[in-house]
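Please take a moment with the sequence and the three-dimensional view that follow, and keep both at hand while reading the explanation.

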Amino acid sequence: MNNNSFYNDRKFCPCCQDYVAYLASPTQSYCVQCAGEVRIMSPEDWATFNHNRAKSPRRKGKTTKAKTAATQVKTAV
Ligand SMILES: [Zn+2]
């Protein structure tokens, strides 16, 4: 496999409002176009990311139901 991470690895620049190539320092990453600090992902993607994470704990409740359903299936079989 070729190392394409240089081209694929991009971060979101709030100034450019886009995913950009960046310069990484040990503590921060900077946009190569405007030298502003870049983020791992856009606020929109971040919200989606957190939203998807928030869904996980709810599955615990569903697990109980799934167990009940599985028990019912076992009983039926
Ligand atoms: Zn920028």
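Does glutamine 17 count as buried or exposed, and how many C-beta neighbours does glutamine 17 have inside 10 Å? In this predicted model, glutamine 17 counts as exposed, because 9 C-beta neighbours lie inside 10 Å, and the cut-off for an exposed residue is 12 or fewer. The place of this residue is the loop that runs between E1 and strand E2, the latter covering residues 18-20. The backbone of glutamine 17 deserves a second look, since its phi is positive, at about 55°, although the residue is not a glycine. Most residues other than glycine have a negative phi.

With that loop located, the whole chain can be laid out. The protein chain has two helices and four strands, and from the N terminus on these elements follow the order α-β-β-β-β-α. Of the 77 residues in the protein chain, 6% are buried. Among the contacts with a separation of 6 or more, those between residues 24 or more positions apart account for 18%.

The largest nonpolar core is made of five residues, namely Phe12, Cys13, Tyr22, Cys31 and Val38. One member of this core, valine 38, can be followed outward through its contacts: leaving aside residues up to four places away in sequence, valine 38 touches Lys11, Phe12, Cys13, Val20, Tyr22, Ser29, Tyr30 and Cys31.

Turning back towards the N terminus, aspartate 9 lies in the loop that links helix H1 (5-8) with strand E1 (11-13). Aspartate 9 is exposed, because 12 other C-beta atoms lie within 10 Å. Its C-alpha atom is separated by 7.2 Å from that of alanine 21, although the two residues are twelve positions apart along the chain.

The loop between strand E4 (29-31) and helix H2 (43-76) holds alanine 35, and glutamine 33 is found in the loop between E4 and H2 as well. How exposed is glutamine 33, judged by the other C-beta atoms within 10 Å? Glutamine 33 is partly exposed, because 14 other C-beta atoms lie within 10 Å, whereas alanine 35 counts as exposed, with 12 C-beta neighbours inside 10 Å. Alanine 35 also has a positive phi, of about 65°, although it is not a glycine.

Glutamine 33 can finally be related to residues earlier in the chain. Not counting residues up to four places away in sequence, glutamine 33 touches Cys16 and Val20; Val20 is also among the residues that valine 38 touches. Glutamine 33 and cysteine 15, which are 18 residues apart in sequence, are 9.5 Å apart in space, C-alpha to C-alpha.

Definitions and conventions:
Residues are numbered from 1 along each chain as its sequence is written. This is a predicted model: local features need pLDDT of at least 70, side-chain atom pairs count only at pLDDT 80 or more; totals for chains, interfaces and linings use all residues. A residue is buried if 20 or more other C-beta atoms lie within 10 Å of its own, exposed if 12 or fewer, and partly exposed in between; C-beta atoms are placed from the backbone. Two residues are in contact if their C-beta atoms, placed from the backbone, lie within 7 Å. A nonpolar core is a set of buried Ala, Val, Leu, Ile, Met, Phe, Trp, Tyr and Cys residues joined through C-beta atoms within 7 Å.
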